[in-house]
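Subject: Structure handover

Hello,

Here is the structure for you to look over. My notes follow below it.

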Amino acid sequence: MIAVSDTGPGIPQEALPYVFEPFFTTRTSGTGLGLATCYGIVKQSGGHLSVYSELGRGSTFKIYLPRTEEVAPQSETKAPSPGPGRGGRVLLVEDEAPVREVIDKALSRHGYVVHAVGAAEEALEVATGNADFQLLVTDVVLPGMGGRALSERLTQRYPNLRVLFISGYTENAIVHGGVLDPGIHFLQKPFVPADLLNAVRRILDEARTTNH
Ligand SMILES: Nc1ncnc2c1ncn2[C@@H]1O[C@H](COP(=O)(O)OP(=O)(O)OP(=O)(O)O)[C@@H](O)[C@H]1O
Ligand SMILES: [Mg+2]
């Protein structure tokens, strides 16, 4: 069992039955997907989730997960080696610094030249007058301008730029919630470096055959 508690404002009794529902939010900038995503992950794992809250005192979420005797699986996919000149220039936008660093390192180690920033606005600045990025890797939900708006602005300017969206939300939630269009490249966090490298390789290889 994992319990997470806070000393925040608490959740009103009448809102409690709805907090795990997709798109239920009381925040002006909330998507209402946070707890729905937690719920989905825990249920898929055969677990159980509960919430206890007192107004003005805080909230406690409890996650119960079944025990397993299984050995943790190794990632099946081996990271493809880029080979000489096979990397590319990547613009990375991720607001969570530890996540940003992991992605930056994974890509840099495999022959990509990465420019990593923490906000869409910063990415726009970096990209201004800089047409040599092949790929934008961007978080979907960012403070300020979101990943989708950023990708639209950049691909308008640089039509050959490819985009890989990453998010803690599921593709299902994001696409059906209308946040992203179907047919986009999407990778759900958390992912292992090999998954990221495979996705990036695939997108850039595909781009090589279609771009002039
Ligand atoms: N720790 C908490 N303390 C008080 N209220 C909470 C807490 N967690 C969730 N809630 C309530 O439940 C609602 C739904 O939470 P949920 O995390 O699904 O969405 P959100 O926080 O509004 O948006 P986001 O998708 O950005 O996380 C919140 O809008 C808020 O009203
Ligand atoms: Mg939330």
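**What surrounds the ligand**

The residues of the shell around ligand 1 fall into three groups: seven are nonpolar, eight are polar and two are charged. Please keep in mind that this is a predicted model. The shell counts 17 residues, and D6, T25, T26, R27 and T31 come nearest to ligand 1. Two elements each supply at least two residues of that shell: helix 1 (34-44) and strand 3 (58-64).

Three polar pairings with the ligand are worth opening in your viewer.

- D6: a polar side-chain atom lies 2.7 Å from a nitrogen atom of ligand 1.
- T26: a polar side-chain atom lies 2.3 Å from an oxygen atom of ligand 1.
- Y169: an N or O atom of the side chain is 3.0 Å from an oxygen atom of ligand 1.

How much of the accessible area of ligand 1 does the protein cover? Ligand 1 has 590 Å² on its own, and the protein covers 83% of that. The space that ligand 1 takes is the largest pocket.

**The chain as a whole**

The chain has 212 residues, and 37% of them count as buried. Its secondary structure comes to six helices and eight strands. Along the sequence the pattern reads β-α-β-β-β-α-β-α-β-α-β-α-β-α. Taken along the principal axes, the C-alpha atoms fill a box of roughly 60 × 45 × 30 Å.

**From strand 1 to helix 1**

Start with the loop between strand 1 (2-6) and helix 1, where T25 lies. T25 is also among the residues that come nearest to ligand 1. Is T25 buried or exposed? Neither: its relative accessible area is 32%, so T25 counts as partly exposed, because that class runs between 20% and 50%. From T25 to Y39 is 14 residues in sequence and 15 Å in space, C-alpha to C-alpha.

F23 lies in the loop between strand 1 and helix 1 as well. Its phi is near 70°, a positive value in a residue other than glycine. F23 is partly exposed, with a relative accessible area of 46%.

Next comes helix 1, which holds C38. The relative accessibility of C38 is 34%, so C38 counts as partly exposed. If you want a distance across the chain, take C38 and A127: they are 89 residues apart in sequence, and their C-alpha atoms are 35 Å apart in space.

**Two more places to look**

E70 sits in the loop between strand 3 and strand 4 (89-93). Why does E70 count as exposed? Its relative accessibility is 68%, and exposed means over 50%. The C-alpha atoms of E70 and I2 are separated by 20 Å, with their positions 68 residues apart along the chain.

Then go to P190, in the loop between strand 8 (186-188) and helix 6 (193-210). The peptide bond from K189 to P190 is cis, with omega near 0°.

**Where to begin**

I would open the ligand site, then walk the loop and helix 1. For the ligand, take D6 at 2.7 Å, T26 at 2.3 Å and Y169 at 3.0 Å. For the backbone, take the cis peptide bond from K189 to P190 and the positive phi of F23.

Best wishes

Definitions and conventions. Residues numbered from 1 in each chain as written. Chains lettered and ligands numbered in written order. Predicted model: local features only at pLDDT ≥ 70, side-chain atom pairs only at ≥ 80, totals over all residues. Heavy atoms only, no water. Near = heavy atom within 4 Å. Polar contact = N/O pair within 3.5 Å; in protein donor to acceptor, adjacent residues only side chain to side chain. Areas by Shrake-Rupley, 256 points an atom, 1.4 Å probe, with all protein chains shown as cover. 1 Å grid on protein atoms, 1.4 Å probe; cavity = no way out; pocket = protein on both sides within 12 Å on 5 of 7 lines; lining within 4 Å. Sits in = over half its atoms within 2 Å of the grid points. Helix = DSSP H or I, 4+ residues; strand = E, 2+ residues; numbered from the N terminus. Nonpolar A, V, L, I, M, F, W, Y, C, P; charged D, E, K, R; others polar. Buried < 20%, exposed > 50% of the residue type's maximum accessible area, 1.4 Å probe, protein only.
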